[in-house]
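Biologist: I'm new to this one, so let's go through it together. Can you put it up on the screen?

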Protein chains: 2
Amino acid sequence: MALKARRALASQVRQRLRILISTGIYPPGSRLPNEGELAEALGVSRTTLREALQGLAEEGLILRRHGHGTFVNQYPQQLTTSFDRNFSIGDLIRAGGHRSTTRDIVIQTRPAQSYVATRLSLLPEDEVLVIERVFLADQRPVAFSVDCLPAILLAEANYELTDLYGDSLHAFLAQRLGLTVHHGIAQLRPLLAESWLAQKLDLSSGTPLLYLEQVDYTLEQRPVLFSQAYHVADALEFIVYRRGPGER
Amino acid sequence: MALKARRALASQVRQRLRILISTGIYPPGSRLPNEGELAEALGVSRTTLREALQGLAEEGLILRRHGHGTFVNQYPQQLTTSFDRNFSIGDLIRAGGHRSTTRDIVIQTRPAQSYVATRLSLLPEDEVLVIERVFLADQRPVAFSVDCLPAILLAEANYELTDLYGDSLHAFLAQRLGLTVHHGIAQLRPLLAESWLAQKLDLSSGTPLLYLEQVDYTLEQRPVLFSQAYHVADALEFIVYRRGPGER
DNA sequence: AAGTGGTCTAGACCACGGC
DNA sequence: CCGTGGTCTAGACCACTTT
């Protein structure tokens, strides 16, 4: 416990406050001690405490009122999965309280189609590793996804095919290739299931699906993953936390 | 210019830096002066400068690398509309470069349906003001929306019906009722246009639509607006910037 | 080893809300 | 008026990256 966990201080304080609130030390509706006292009680500076409080306020766990005090929210919102976070389909399924598995996996290398090459900043003759699979929530098919990785990223890496079976490609990118996904840009569209797709998902043709097309980037704005996913609507919840417009 | 614009300092610095970058003082790819120098040059503390830099990094305008420096991003992402921001449909249309108008407006007060009452924390017998309308982008219908406002909010306010015609209810809430929408929680679902809806939007029945259901809250977590919107998919773009998972 | 961004502190002053 | 949260500062020390 010597080093590490640096900037964690504010996060630690945040966690400690969460506990103090959930255990009823600070019950819903009550007012917290003022910032000075609270900072001293927790053994951190007021600045650090404030960062923790700000985080809790954004979570909706507390309410802050200038000149009045900081209060524990009586009606906290709880979002299991907010879509502005880059979760995998597996996470989405688990957030709904189901068990996530996959089937019908196809892994192959092939030349990038033109629209894929464009999104990944590749040349048309470049190859991509394509991973197709069906996601199931408790045995029920709920999504079909196609992921494309530039083959050149894999050229010098050592990995096994089984590494690709895990439902988090982000983890694979980070652990095997040293590439951390910083953010993704996704586009949403409703779609009707064509027969080939309906068959994969055990649906009838014409069922409405939520189609998502996404490119993931590293911190350096390098595109590393192109994904297409077809989601069965009534099986997965798509919830978005939308901040009001304006300057932070 | 005496008072006001308090916490604006970091925002002001941010804006000044944007200008320094866009005018080519700090061209794309170049490294900015270190934080100490930059802070002194701009006449603010390093803390304040860092807050500004952090904002610019989140915007994607600059890249920060520990132990290396801060760089102007060569390939800045520019999202006209990111869905994690609480824009109105009118904004969405204008972001696509079209002219936004509305038609078929219906405004009436009626008892809240049970699912509406639940979402707005109202009692079943409470009344809501309902605003229905069709949005057009350059004459073409692209969305149908139903907004519900608790009637009690309007009881003591003075306003005219025409205030409700503007395409930003958020602006109405802020200016007439003193209620600022802090965030909304939205749920997305694909849907097939039923005949009544298809007729309103000049579509054929069974066309896939993107359905959005949203509750807007004030900073104090008070629900003030419930909205349902049916979007024509190929007319509007739904783009989401998804940050990588993890603690803030 | 030198230079950079990352974290944390203590303290000052300001603006808002209620008494 | 007082107490609260909101903003800003100067400075210390740490950790990462390159030379």
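Modeller: Start at the rotation axis: B:P190 is the residue of chain B that comes closest to it, with its C-alpha at 2.5 Å. Bear in mind that this is a predicted model.

Biologist: How do you know that the two copies are related as by a two-fold rotation axis?

Modeller: Any two copies of a chain are related by a rotation about an axis and a shift along it. Here, chain B lands on chain A after a rotation of 179° with 0.3 Å of shift along the axis, at an RMSD of 0.7 Å. The two copies are therefore related as by a two-fold rotation axis.

Biologist: What makes you say that the same surface serves both copies?

Modeller: Of the contact residues of chain B, 94% recur in chain A. The contact itself takes 51 residues from chain B and 49 residues from chain A.

Biologist: What is the area buried between chain B and chain A, and what share do carbon and sulfur atoms give?

Modeller: About 5000 Å² is buried, with 52% of that coming from carbon and sulfur atoms. On the side of chain B that touches chain A, two or more residues each come from α1, α3, β1, β6, β7 and β9 of chain B. The largest share there belongs to β6(B), with 12 residues. Sorted by kind, that side of chain B has 24 nonpolar, 14 polar and 13 charged residues.

Biologist: How do you know that β6 of chain A pairs with β9(B)?

Modeller: Pairing needs at least two bridges, and 6 bridges join these two strands, which run antiparallel. For one spot to look at, find A:G184, which stands opposite B:R242 in β9(B).

Biologist: How many salt bridges are there between chain B and chain A?

Modeller: The count is 0. Polar contact, on the other hand, is found in 16 residue pairs between the chains. Over all chains, the whole structure has 24 salt bridges.

Biologist: Why is A:R50 with A:E35 called a salt bridge?

Modeller: The cut-off is 4 Å, and their closest N and O atoms are 2.8 Å apart, so the pair qualifies. A:R50 sits in helix α3 of chain A and A:E35 in helix α2, so the pair ties together parts 15 residues apart in sequence.

Note on methods:
Residues numbered from 1 in each chain as written. Chains lettered and ligands numbered in written order. Predicted model: local features only at pLDDT ≥ 70, side-chain atom pairs only at ≥ 80, totals over all residues. Heavy atoms only, no water. Contact = heavy atoms within 4.5 Å. Buried area = accessible area lost by both parts, 1.4 Å probe. Salt bridge = Lys/Arg side-chain N within 4 Å of Asp/Glu carboxyl O. Polar contact = N/O pair within 3.5 Å; in protein donor to acceptor, adjacent residues only side chain to side chain. Helix = DSSP H or I, 4+ residues; strand = E, 2+ residues; numbered from the N terminus. Nonpolar A, V, L, I, M, F, W, Y, C, P; charged D, E, K, R; others polar. Least-squares fit on C-alpha atoms with pLDDT ≥ 70 in both.
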